[in-house]
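This report describes the strand arrangement of one protein chain and then takes up a few individual residues. The sequence and structure come first.

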Amino acid sequence: MATISINDILFASAVHQGRCVANVRMSGVDSTRSVLSELRRIVGNTIGLVQVTLRNVSQGWSRNITLYMESAPLREGVQLSLF
């Protein structure tokens with residue numbers, strides 16, 4: 001199984017409908033979940049299937065992941081009253 005160490009150098013790209021929406025180089029992360037979380041933050045309001053290519057330069061492996069991205073639900077606000 002491909003693992004990620006905190007010292008690894010990673011390249012990640014995200015393609016949505018044939019267009020590259022993110023292309024990043026990162027280090028200091030320790031899991032695929034952290035990488036995908038950062039990609040979700042970068043691509044913002046992209047909705048639909050996104051093909052992610054994750055390459056670990058330090059260990060020499062590559063992985064393709066398909067994600068379904070959707071916009072985050074709006075959180076209901078809380079009204080504060082001062083009496």
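## Sheet and helix

In this predicted model, four strands form an open sheet in the order β2-β1-β3-β4, and their pairing is antiparallel. β2 and β4 (61-69) are the edge strands, each of them pairing on one side only. From one strand to the next, the twist averages 20°.

The pairing of β3 with β4 is antiparallel and runs over nine bridges. Within this part of the sheet, T53 stands opposite N64 in β4.

The helix α1 lies across β1, β2, β3 and β4. Relative to β2, α1 runs at about 135°.

## Three residues compared by accessibility

The table lists three residues with their location and relative accessibility.

| Residue | Location | Relative accessibility |
|---|---|---|
| N56 | strand β3 | 1%, buried |
| T46 | loop between α1 (32-43) and β3 (48-56) | 12%, buried |
| Q17 | loop between β1 (9-16) and β2 (19-27) | 73%, exposed |

The cut-off for buried is under 20% relative accessible area, and for exposed over 50%. N56 therefore counts as buried, at 1%. T46 counts as buried too, because its value is 12%. Q17, at 73%, counts as exposed because this value is over 50%.

## Surroundings of N56

What does the side chain of N56 join in a polar contact? The partner is the side chain of D8, and the contact is 2.9 Å. Not counting residues up to four places away in sequence, N56 touches T3, I4, D8, I9, L10 and W61. D8 thus appears both in this list and as the polar partner of N56.

## The two loop residues

T46 is in the loop that links α1 (32-43) to β3 (48-56). A polar atom of the T46 side chain lies 3.0 Å from the backbone oxygen of V43. Which residues does T46 contact, leaving aside its neighbours within four places in sequence? They are H16, M69 and E70.

Q17 belongs to the loop between β1 (9-16) and β2 (19-27). The phi angle of Q17 is near 50°, which is a positive value in a residue other than glycine. At 73% relative accessibility, Q17 is exposed, whereas the loop residue T46 is buried at 12%.

Terms used. Residues numbered from 1 in each chain as written. Predicted model: local features only at pLDDT ≥ 70, side-chain atom pairs only at ≥ 80, totals over all residues. Heavy atoms only, no water. Buried < 20%, exposed > 50% of the residue type's maximum accessible area, 1.4 Å probe, protein only. Polar contact = N/O pair within 3.5 Å; in protein donor to acceptor, adjacent residues only side chain to side chain. Contact = heavy atoms within 4.5 Å. Pairing = 2+ DSSP bridges. Axes fitted to C-alpha atoms, helices over the stretch in contact; angles between N-to-C directions.
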